[in-house]
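Q: Please take a close look at a single part of the structure shown below. I should like to understand how that part is placed and what lies around it.
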Amino acid sequence: MKKYYFISGEASGDLHASKLISHLKELDVNSSFRGFGGDKMADAGLYLVKHYKDLAFMGFYEVIKNINTIRKNFTLVKDDILSYCPDVIVLVDYPGFNMEIAKFAKKHSIKVVYYITPQVWAWKKSRVKSLKKYVDLLIPILPFEKEFFDKCGLQSSFYGHPLMDELLYKKEKKLEFEKPVIALLPGSRKQEIRKMLPIMLEVCKEFDEYQFVIAGAPSIDVDFYRSLSGNSLLPISNNKTYEVLQGAKAALVTSGTATLEAAILMVPQVVCYKTSFFSYFFAKLLVKIKYISLVNLIAGEKVVSELIQNDCNKDRLTEELKIILKKENKNKAQEQYKNIINQLGDENSCFKVAQAIFKV
């Protein structure tokens, strides 16, 4: 019997980690699971020590503002790991927190798996040395990441992107509305949604012939979205992102995993992102990549428009949305999406990852 300790700090990690837990239980019915995560991981069999909604701090300013809470979380998880004595710690994304835990685990001779690896190709390349030193099994989910790690002399294994199992081979039933749908995906964290949703809502009045639908994140209450949307009666489909996208003609998407979800489901999109002045200032200094969306990063070229910071406003969003709603532009985007999907691997990637973790 193996004891696993999982740490995930966001909604997408909760989803992908829950699949791993389910597959690990298939491989060893006596295995046990404990850690930080979300509802999906708990449903799969994880004893939930801390919910990720209490961990989700993004950006430099936000992290500094909540530094005492973060320190308490570090103390909690370290004490809990020592009490539980796991055979393997599985770190899922969330690098600002998890890199520290990898170091701690290695110090106590606990095997470490890192699934959905830190984006060291974008910033903090110095973490490559730490990954070499503290991680026993490194599993990236983006095709170009393995090539990057190879060049750095760091062994890793790419089994495909977990969204392929979720979306390409398991179609959700689309939601039906009287008008054609434009999906609004304002992010998965409250501080993102506070920034992005009001801007997205300003665009709605310019497209009377469409029904805008807010795809709510699983950890966020509907009342929170209502508090930001004022008197708006827009439909809010909580925890039904895939169903909303399945029937959407286009989408406004906050940069993140959702951009790839829209691409796999062949939905034309405008990617947008806005954060605090200080977070953006420091990001510009430290992050050295040409694009921010996973779609463009995987393609290696501009496939979708990215409206960042000052460009993320009602006029620019309206302009770009009108462009992607044209049939010829939609067809072009979908052809480019197919090339991206071909790079993401085959189905059953999560089961292959679980097999690799089981052998650690």
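A: A residue is called buried when its relative accessible area is under 20%. With that cut-off in mind, strand 4 can be examined; the model is predicted.

Strand 4 comprises residues 88–92 and is mostly covered, since five of its five residues are buried. In a regular strand, side chains alternate between the two faces of the sheet. In strand 4, V88, V90 and V92 point one way, I89 and L91 point the other way, and all are buried.

The neighbours of strand 4 within the sheet come next. Strands of a sheet pair through backbone hydrogen bonds, either parallel or antiparallel. Strand 1 (residues 3–8) runs parallel to strand 4, and five bridges join the two. Within this pairing, S8 has V92 as its bridge partner in strand 4. Strand 5 (residues 111–115) also runs parallel to strand 4 and is joined to it by five bridges. Here V92 stands opposite Y115 of strand 5. V92 therefore has S8 as its bridge partner and stands opposite Y115. The chain connects strand 4 to strand 5 by way of helix 5 (residues 95–107), and the three elements make a right-handed β-α-β unit.

The view may now be widened to the whole sheet. The sheet is open and has six strands in the order 3-2-1-4-5-6, with parallel pairing. Strand 3 (46–51) and strand 6 (137–139) stand at the edges; each has a single partner strand, so one side of each is left without a neighbour in the sheet. On average, neighbouring strands of this sheet are turned by 15° against each other, direction ignored. Towards one edge, strand 5 and strand 6 run parallel and are joined by three bridges. Y115, the residue opposite V92, also stands opposite I139 in strand 6.

Two helices that touch strand 4 also pack on the sheet. Helix 1 (residues 11–27) touches strand 1, strand 2 (32–37), strand 3, strand 4 and strand 5, and its direction makes about 170° with that of strand 1. Helix 17 (residues 349–358) touches strand 1, strand 4, strand 5 and strand 6; its direction makes about 170° with that of strand 6.

Finally, some aromatic rings may be considered, beginning in strand 1, the partner of strand 4. The structure holds 11 aromatic pairs. In one of them, the ring centres of F6 and F33 are 6.2 Å apart and the planes stand at 55°, so the pair is tilted. This pair links distant parts of the chain, as F6 lies in strand 1 and F33 in strand 2, 27 residues apart. F6 is buried, with a relative accessible area of 0%. F33 is buried too, with a value of 5%. Elsewhere, ring pairs link F36, F74, Y94 and F97 into a cluster. A charge over a ring also occurs: K3 lies over the face of Y84, at 4.7 Å from the ring centre.

In summary, strand 4 has five of its five residues buried, is paired in parallel with strand 1 and with strand 5, and is touched by helix 1 and by helix 17.

How values were computed: Residues are numbered from 1 along each chain as its sequence is written. This is a predicted model: local features need pLDDT of at least 70, side-chain atom pairs count only at pLDDT 80 or more; totals for chains, interfaces and linings use all residues. Side-chain values use heavy atoms; hydrogens and water are left out. Buried means under 20% relative accessible area, exposed over 50%, partly exposed in between (1.4 Å probe, protein chains only). Helices (H or I, at least four residues) and strands (E, at least two) are DSSP runs, numbered from the N terminus. Two strands pair if DSSP finds at least two bridges between them. A crossover is right-handed if, with the strands pointing away from the viewer, the path from the first strand over the helix to the second runs clockwise. Axes are lines fitted to C-alpha atoms, for helices over the stretch in contact, and angles run from 0 to 180 degrees between N-to-C directions. Contact means heavy atoms within 4.5 Å. Rings of Phe, Tyr and Trp (its six-membered ring) pair if their centres lie within 6.5 Å; planes under 30 degrees apart count as stacked, over 60 as edge-to-face and the rest as tilted. A charge sits over a ring if NZ of Lys or CZ of Arg is within 6 Å of the ring centre and within 35 degrees of the ring normal.
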